[in-house]
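Open the model in your viewer and keep the selection tool at hand. The tour moves from one helix to its neighbours.

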Amino acid sequence: MRTRTILIAALTLIMLACPAAAQGKGKGGGVEGRDYEAAKAAEIAAVRLQLASRSGVGALQELADAETLLRRLKETRAPDLRRKLVAELDMALTRLHVAADGAGTPGGW
């Protein structure tokens, strides 16, 4: 009986989550929406704070690149260009995290 109750509760949650997830793919959500932009801006701000206590020329250049790509993403309206910029921004943020983790150590690593 307990297993059946858990199964029904899980299915109910899934059924409730599906419409909510579908609504998130509109203007504000999804990979190309305003929520994505806000999340990436917060991620960049967190790395900027991390770099405030360390110095690293490579990390600062990656930070500038990520900020530029985010700015371009916010200004771009065409969906195909936004998808391209999303991919570029994700790669830039990965490079930024790698550079930030190595900043302040001898040789940058």
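Which residues in helix 3 are buried (under 20% relative accessible area with a 1.4 Å probe, protein chains only; exposed is over 50%, partly exposed in between)? Select Ala59, Glu62, Leu63, Ala66, Leu69, Leu70 and Leu73: these are the buried ones in helix 3. They cover an arc of only 130 degrees around the axis (taken from the directions from the helix axis to the C-beta atoms), which puts them on the same side of helix 3.

This is a predicted model: local features need pLDDT of at least 70, side-chain atom pairs count only at pLDDT 80 or more, and totals for chains, interfaces and linings use all residues. Residues are numbered from 1 along each chain as its sequence is written, and side-chain values use heavy atoms, without hydrogens and water. Helices are DSSP runs (H or I, at least four residues), numbered from the N terminus.

Now show helix 2 (34-52) and helix 4 (79-102): the buried residues of helix 3 pack against both. On the face turned away, find the exposed Val57 and Glu75.

Next, pick Lys40 in helix 2. Lys40 counts as buried at 15% relative accessibility. Leaving out residues up to four places away in sequence, Lys40 touches Leu70, Leu89, Asp90 and Leu93 (heavy atoms within 4.5 Å).

Finish with salt bridges (a side-chain nitrogen of Lys or Arg within 4 Å of a carboxyl oxygen of Asp or Glu). Select Glu62 and Arg95, which meet at 3.1 Å, N to O. Glu62 lies in helix 3 and Arg95 in helix 4, so the pair ties together parts that are 33 residues apart in sequence.

Key: Helices (H or I, at least four residues) and strands (E, at least two) are DSSP runs, numbered from the N terminus.
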